[in-house]
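This report looks at annotated positions and their surroundings. Please have the sequence and the model open while reading.

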Amino acid sequence: MTDQTRMSGLVRAATPMGTTEGYMPGFGNDFETEALPGALPQGMNSPQKVNYGLYGEQLSGTAFTAPSHQNERTWCYRIRPSVKHQGRYERIDLPYWKSAPHIPQDVTSLGQYRWDAVPHSDDSLTWLTGMRTMTTAGDVNTAAGMAAHIYLVTQSMQDEYFYSADGELLVVPQEGRLRFATELGIIDIAPQEIAIIPRGLVYRVEVIEGPARGFVCENYGQKFDLPGRGPIGANCMANRRDFKTPVAAFEDREVPSTITVKWCGQFHRSEIPQSPLDVVAWHGNYAPCKYDLKTYCPVGAILFDHPDPSIFTVLTAPSGVEGTANIDFVLFRERWMVMEDTFRPPWYHRNVMSELMGNIYGQYDAKPQGFVPGGMSLHNCMLPHGPDRDAFEKASNADLGPDKLDNTMSFMFETRFPQHLTEFAAREAPLQDDYVDCWDGLEKHFDGTPGRK
Ligand SMILES: O=C(O)Cc1cc(O)ccc1O
Ligand SMILES: [Fe+2]
């Protein structure tokens, strides 16, 4: 690497072999990248003096003693150590970003809920002020559970940086394009892509094309991983090579700035005299990444019946109970329906897991109307749900040839913990009061005589 490219004011490593536009392929790889030649120590982590006068610093994403197949850490070589990128902290208020446990006494979360897309307002909102929590689950203090948010962002963070000690963020854009300028490099994302921003990583968010709206799953627990494929084998679903981690990028900018920290659901801010995005080189496996949802290869039923939605799991965050996720991120995308003599949409069901869904674009097969792009729905632990009347009638009477479900991309954040609505979700977000009526017209067909009606 001899020359550097400049983006977003950050000096970025020239694209090395095997990378696309400043990203390195692979999920959980041990990466190495440098924005200046020779900045990365070779063969050791802590030389007595690092080249260019850089400081060495380790960022640990798992306990030092985590088993080696889960152990994640990154070595950063930076202009100043992180202790210089903070001062005295002052508590600040970001009233719309809530953390579990947050169980408002005057809000009921028991019920089937659906929301239209939260509209943009005239307010100018950044990644921090534009975050709107819809549900919280578990407890941030015990590193279990999650929160689901909507973001509405119109304005770039300027000389303003953020990190969360509470968990990693899974970002699912629905509208507009964002840039995450992070300590470890630059990630640009647009709808149909997702990004994972690890716990503790410092970044600022810029608007490339606004206004931007999307969904966020804040994972308080163990990190997202790829699910085991079992008998499916070594391929399909999400493939490791389709995850992209940015090459190193840094800025040497001495301007009065702020750093905001989320910790145990509280926000604190500190004044700093320079940009903290000063990591010139790094190596390790604790890093942000993005993924193009269009590369997700669905595997499904090819003769009869409708399998469990776990076949569409993109990422899973374990809870410590085997097979029972803290969070599964599940994708319902374009696919062929070929099952014979089968009621093809999702069956009616009650589930011990709590399901929060979002629509990225198009139409969802169980809800042809009402579940709109940018909209969300919530079906909590053991709350019955399933296709609305129109979907039931259509699917029960359709001629069953091969049928392509096209123009459809929805997802689910499914957690083992009950999800509690925030005041914003219950009162300010566009809740559809008539959602439960979508099952009203389901008729009784039973009259005691055999035969299929
Ligand atoms: O409720 C939903 O629409 C999500 C879902 C989809 C599916 O195919 C099976 C079960 C399930 O919960
Ligand atoms: Fe469901």
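Leaving aside residues up to four places away in sequence, H385 touches Q112, H349 and H379. The model is predicted. H385 is found in the loop between β25 and α1 (389-397). With 23 other C-beta atoms within 10 Å, H385 is buried.

**Annotated positions**

H385 appears in two UniProt annotations. One "binding site" annotation, from an unreviewed entry, covers H349, E355 and H385. These residues span 37 residues in sequence, yet no two of their C-alpha atoms are more than 11.6 Å apart, so they gather at one spot. Another "binding site" annotation, also from an unreviewed UniProt entry, covers Y364 and H385. That pair is spread over 22 residues of sequence but clusters in space, the largest C-alpha distance being 14.2 Å.

H349 is found in a loop too, the one between β23 (324-337) and β24 (354-362). Not counting residues up to four places away in sequence, H349 touches H385 and G386. E355 lies in strand β24. With the same exclusion of residues up to four places away, E355 touches H379, M412 and E414. Y364 sits in the loop between β24 and β25 (376-379). Its contacts, again without residues up to four places away in sequence, are F332, N359, F371, T408 and S410.

Which of these positions are buried, and which are partly exposed? The table gives the class of each, with Y361 of strand β24 added.

| Residue | C-beta neighbours inside 10 Å | Class |
|---|---|---|
| H349 | 13 neighbours | partly exposed |
| E355 | 21 neighbours | buried |
| Y361 | 16 neighbours | partly exposed |
| Y364 | 23 neighbours | buried |
| H385 | 23 neighbours | buried |

The cut-off behind the class is simple: a residue is buried if 20 or more other C-beta atoms lie within 10 Å of its own. E355 has 21 such neighbours and therefore counts as buried. H349 has 13, so it counts as partly exposed.

**Around ligand 1**

What surrounds ligand 1? The shell consists of P309, P346, H349, N351, E355, A366, H379, H385 and M412. By class, this shell has 4 nonpolar, 4 polar and 1 charged residues. H349, E355 and H385 belong to the shell, and these three are covered by one "binding site" annotation in the unreviewed UniProt entry. Contacts also run within the shell: H385 touches H349 and H379, while E355 touches H379 and M412.

**Y361 and the sheet**

Y361 lies in strand β24. Leaving aside neighbours within four places in sequence, Y361 is in contact with P373, N407 and M409. Y361 and P191 are 170 residues apart in sequence, but 9.0 Å apart in space, C-alpha to C-alpha.

Strand β24 belongs to an open sheet of 6 strands. The order is β8-β25-β24-β26-β23-β22, and the pairing is antiparallel. Which strands form the edges? They are β8 (113-115) and β22 (313-321), each of which pairs on one side only. Neighbouring strands of this sheet are turned by 20° against each other on average, direction ignored. Strands of a sheet pair through backbone hydrogen bonds, either parallel or antiparallel.

At one end of the order, β22 and β23 run antiparallel and are joined by 6 bridges. V321 stands opposite T324 in β23.

Technical notes
Residues numbered from 1 in each chain as written. Chains lettered and ligands numbered in written order. Predicted model: local features only at pLDDT ≥ 70, side-chain atom pairs only at ≥ 80, totals over all residues. UniProt positions renumbered as here; feature names shortened; annotations may be inferred. Helix = DSSP H or I, 4+ residues; strand = E, 2+ residues; numbered from the N terminus. Buried ≥ 20, exposed ≤ 12 C-beta atoms within 10 Å, placed from the backbone. Contact = placed C-beta atoms within 7 Å. Near = placed C-beta within 6 Å. Nonpolar A, V, L, I, M, F, W, Y, C, P; charged D, E, K, R; others polar. Pairing = 2+ DSSP bridges. Axes fitted to C-alpha atoms, helices over the stretch in contact; angles between N-to-C directions.
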